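Colleague: I'd like to learn how to read a model like this one. Could you walk me through a few features?

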Amino acid sequence: MKAAILQEFKQPLEWKEVSTPSPEPDEVLVQVMACGIDGTDLKLLDGFGYTPDLPFIMGHEVAGVVTEAGYRVTGFEEGDRVIAYNFTTCGDCLPCRTYREQICVNMGGVLGAKDRHGGYAEFVAIPGSQLVHVPEQVTWPDSAVCCDAGMTAFHAIDRASLRVGETVLIVGVGGVGSIAVQLARAAGARVLAVELSDAKREWARQLGVDELISPEEGTISSAVRDLTGGQGVDCVIDIVGQTETMGAGVESLRNGGRLVIVGYTPDHYPVEGKYLAQNELEIIGTRAGRKQDLIEVSRLMASGKIRSIVTQTFPMENANEALAVLRSGEVLGRIVLLTPAGRRAIDGD
C-alpha cells in the first residue's frame, strides 16, 4: 500500500510504498476511503503535543471499509462501512468504568497520533473495539469528520450543559466550532461567535450564529456585554485556547457562568482566585469525546440535523498541500483527504 509518512518533525510527509498491515486477532483491517485533517496534525508535524516515534503515519479521522477481521473480533465483517474512535483504552480504570474513557489513565495509544499508525494510508489496522458502523446516508468525507470535529463538538456541548434559553459564546468557528454552532442551536441556545476574517464570519452566519463579534473592533468581552444587556453569557466554548481567548472568555461570563476549554496551545492564563470564587465561575476542560459521542454524532449527520462542513477535499498523495492550506488559517469548515479508492467510490466507479 501507499501512505504519507512523517519521517522527521517539521519536514514534509513522504508519499511512498510501505507494507500493508496484518491485523492482530483483535484488530480489523480497514481500507481507508477518507481521512480528515485538523490542528492536531499540524501540532504533530511541529513536534508539539503528541510526539510519536518516527517514522509514523498520521491521521485520526478515519472512515473506510472492512476488508479483514481478526478471529477475536465480533460485530464486523468484510464490506462494512466504519469510522474509527481515536483512543485505545483499558476498559478497567475508573474513567473507563464511568463512561469517561477518553481520559483513561492507562491509555494504550491514540490512532494516528501516538503508538498507533493512522489513516494517511490506503489501509490501517484498528482494534475492533474502536470501530463504529457508519450509516449509508453519510458520505465518506462527512464520515471522516464525525471522528474528531463531530465527536469533539458533541462532547463539548454535553460538557457545557447548555439549556434552552441560555446564551453561549463560541470562540473559533473552524471544524469543531462549525459543528458546535449547529449543536448549540439545536439545544435551544442563543449563539454568539468570535472569528477574525470576514469570510469566516459569513460562514458562521450561514451555520446559524445569531450575533458575530470581530475582535478587531474592540474587546470581545465589551462586545459580549453590549449584546447581553451588560450581563455576560451563560457559557463560553473556547476552541482556540490562547491566553487572549481564555482571558476574554472569563471576562465575558455572567455571574455563575461556565468556560469550557476545547482548544489547547502552549499558552497559560493566570486566573484570579477571588474573581472565580466571588462570581462562582466554572472552568471546564473537555478532551475529544467518548465512543458513544461518536455514535450519536454520526446518527445526527445521517438524519440531516447536522449539515456538512467539508469545504475542500484533496487526494491523499497531496497531503502536504492540504496541510499547508490548513496552516494558512483561511480554511472554512473542514478539509478531508481521499484515497484513490475513496475517490473512485465517490465518483461511482
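**Reading a helix from its buried residues**

Modeller: Let's begin with helix 4, where the buried residues are Gly175, Val176, Gly177, Ser178, Ile179, Ala180, Val181, Gln182, Leu183 and Ala184. Keep in mind that this is a predicted model.

Colleague: Why is helix 4 described as largely enclosed by the rest of the structure?

Modeller: Buried means under 20% relative accessible area. In helix 4, 10 of the 12 residues are buried, so the rest of the structure largely encloses it.

Colleague: Which elements do those buried residues of helix 4 pack against?

Modeller: Their partners are helix 3 (140-160), helix 5 (198-207) and helix 9 (291-303), along with strand 12 (167-171), strand 13 (190-194) and strand 19 (334-338).

Colleague: How far does helix 4 reach from its first C-alpha to its last?

Modeller: Helix 4 (residues 175-186) reaches 17 Å, close to the 16 Å expected at 1.5 Å a residue. After helix 4 comes glycine 188, with a positive phi near 90°.

Colleague: On to cysteines. How many disulfides are there?

Modeller: The test is a pair of cysteine sulfur atoms within 2.5 Å. By that rule the count is zero.

Colleague: Why is there no bond from cysteine 35?

Modeller: Because the closest cysteine sulfur, in cysteine 147, is 8.2 Å from the sulfur of cysteine 35, too far for a bond. Cysteine 35 is also buried, at a relative accessible area of 0%. Cysteine 93 is in no disulfide either: the nearest cysteine sulfur belongs to cysteine 96 and is 3.7 Å away. Cysteine 93 is buried too, with a relative accessible area of 8%.

Colleague: Let's try a single residue. Is methionine 246 buried or exposed?

Modeller: Methionine 246 sits in helix 7 (residues 243-252). Its relative accessibility is 11%, so it counts as buried.

Colleague: What is methionine 246 in contact with, leaving aside its neighbours within four places in sequence?

Modeller: Its contacts are Asp238, Gly241, Leu259, Ile261, Asp267, His268 and Tyr269. You can also check a C-alpha separation: methionine 246 and valine 260 are 14 residues apart along the chain, and their C-alpha atoms are separated by 9.5 Å.

Colleague: Last one, pockets. Which residues lie nearest the centre of the second largest pocket?

Modeller: Met1, Ser19, Pro21, Ile57 and His117, out of 15 lining residues. Strand 4 (56-57), strand 9 (115-116) and strand 10 (123-127) each give two or more residues to that lining, and strand 10 gives the most, with three. The space in this pocket is about 210 Å³.

Colleague: And how do the lining residues of the second largest pocket divide?

Modeller: Into 10 nonpolar, three polar and two charged.

How values were computed:
Residues are numbered from 1 along each chain as its sequence is written. This is a predicted model: local features need pLDDT of at least 70, side-chain atom pairs count only at pLDDT 80 or more; totals for chains, interfaces and linings use all residues. Side-chain values use heavy atoms; hydrogens and water are left out. On a 1 Å grid over the protein atoms alone, a cavity is a set of points where a 1.4 Å probe fits but cannot get out, and a pocket is an open set with protein on both sides within 12 Å along at least five of seven lines; lining residues have an atom within 4 Å of a point. Grid points are joined across faces, edges and corners, and a volume is the space filled by probe spheres set on the points. Helices (H or I, at least four residues) and strands (E, at least two) are DSSP runs, numbered from the N terminus. Ala, Val, Leu, Ile, Met, Phe, Trp, Tyr, Cys and Pro count as nonpolar, Asp, Glu, Lys and Arg as charged, and the others, Gly among them, as polar. Buried means under 20% relative accessible area, exposed over 50%, partly exposed in between (1.4 Å probe, protein chains only). The expected span of a helix is 1.5 Å times one less than its number of residues. Contact means heavy atoms within 4.5 Å.
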